[in-house]
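Hi,

Here is the structure I said I'd pass on to you. Have a look at it first, then read my notes below.

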Amino acid sequence: MKERLEAIKKAALEKIEQADAMDSLNDIRVSVLGKKGELTQVLKGMKDVAKEERPIVGQMVNDTRAVIEEALEKEMTLLKKKVREEKMKREVIDVTLPGKTHEKGHRHPNQIALEDLERVFIGMGYEVVEGPEVEYDKYNFEMLNIPANHPAKDEQDTFYINKDIVLRTQTSPVQARIMETGQMPIRMIAPGRVFRSDEVDATHSPSFHQVEGLVVDKGITFADLKGTLEQFAKEFFGPDTKVKFRPHHFPFTEPSAEVDVTCFKCGGKGCRMCKGSGWIEILGCGMVHPHVLEMCGIDPEVYSGFAFGIGLERVALLKYEIDDMRLLYENDKRFLSQF
Ligand code: DAH
């Protein structure tokens, strides 16, 4: 038995020494120490060994196993080291090669316009608030004086989640949400994404952005509205900008107007940019309709207010002289890197 164990040990150690790959070391482990390995076979033969000698033989088998395991472990460590050293030699890093540079991103024209716009209104003491893009029909239409069968609902056809929930067609519902809180006075702008079921073309997109504005307090008049929007136009488009208020209709304001600014490209003489008229339309506005105030729980005998809605893409396109809205959404770096 002893000779057999010695022979197994000798053969195994020789093989281990000669092995030059992890695989062969593993093979040796299996063939000697594994379930069907030589050493295990010896253990199985124990039943033929005399009872008194069993502990001695058992000890010998264990010693042999320990010696072989240690040799295997040692050889594996050596081999791993060798493999790693060879890999390191192959993978020499040339530190003189130019590195990979990461291009820095920057702000989108829409974002630049929004930040400019926010700066102007924050300067006038406005708060910037947000409302949900997925909105109740109640806020998007009903509370803004647009009942179920109102024709304005056709103009602002949108995506319905269900009968009562829509993708908002305008940022105006934020007006109702803020007024409902009843915290007076109100002086806020609410920028955000809006949705309409429009086809994509140079001036339309099913998803675009608006900035809503709302002021409610005691004694607010149309003069406040005019002064505020004139100030905004001058700060945003330049100090020589003039504004023109054209009567218009919106269901939630009375009286209502659309506002044009003098074309900053030609100064009002008429050019391609303003289609020869010298004026460019930038927003809708008006005095908050008494009925809207009432629906939001505000007494129109005590409070009055004005509201406006600016098309963000519209002013961004104008300010940066971009002639096609689609360019804003294509994310072409050659275009975006110009701003
Ligand atoms: N929500 C209107 C639209 O999408 C724009 C607008 C007009 C907003 C007049 C207002 C307003 O707050 O007073 O066409």
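Before the ligand part, one term: a residue counts as near a molecule if its C-beta atom, placed from the backbone, lies within 6 Å of it. With that in mind, strands S7 (253-262), S8 (279-288) and S9 (304-311) each give at least two residues to the shell around the ligand. Keep in mind that this is a predicted model.

Who sits in that shell? Among the residues around the ligand are Gln-170, Glu-212, Phe-250, Thr-253, Cys-285 and Phe-308. By type, the shell splits into four nonpolar residues, seven polar and one charged.

Now zoom out. The protein has twelve helices and nine strands. Its C-alpha trace spans about 115 × 50 × 35 Å along the principal axes. The radius of gyration is 40 Å, while a compact globule of 339 residues would come out near 20 Å. As for burial, 30% of the 339 residues count as buried.

One helix is worth a closer look: H5, residues 109-123. Its 15 residues should span 21 Å at 1.5 Å a residue, and the end C-alpha atoms are indeed 21 Å apart. Buried in H5 are Pro-109, Asn-110, Ala-113, Leu-114, Leu-117 and Phe-121. Viewed down the helix axis, these buried residues fall within an arc of 130 degrees, so they line one face of H5. They pack against strands S4 (186-195) and S5 (207-217) and helices H9 (222-237) and H11 (312-319). On the other side of H5, Glu-115, Arg-119, Ile-122 and Gly-123 are exposed. Just after the helix, Gly-125 has a positive phi of about 90 degrees.

Cheers

Technical notes. Residues numbered from 1 in each chain as written. Predicted model: local features only at pLDDT ≥ 70, side-chain atom pairs only at ≥ 80, totals over all residues. Helix = DSSP H or I, 4+ residues; strand = E, 2+ residues; numbered from the N terminus. Rg over C-alpha atoms; globule rule 2.2 N^0.38 Å. Buried ≥ 20, exposed ≤ 12 C-beta atoms within 10 Å, placed from the backbone. Nonpolar A, V, L, I, M, F, W, Y, C, P; charged D, E, K, R; others polar. Expected span 1.5 Å × (residues − 1). Arc of directions from axis to C-beta. Contact = placed C-beta atoms within 7 Å.
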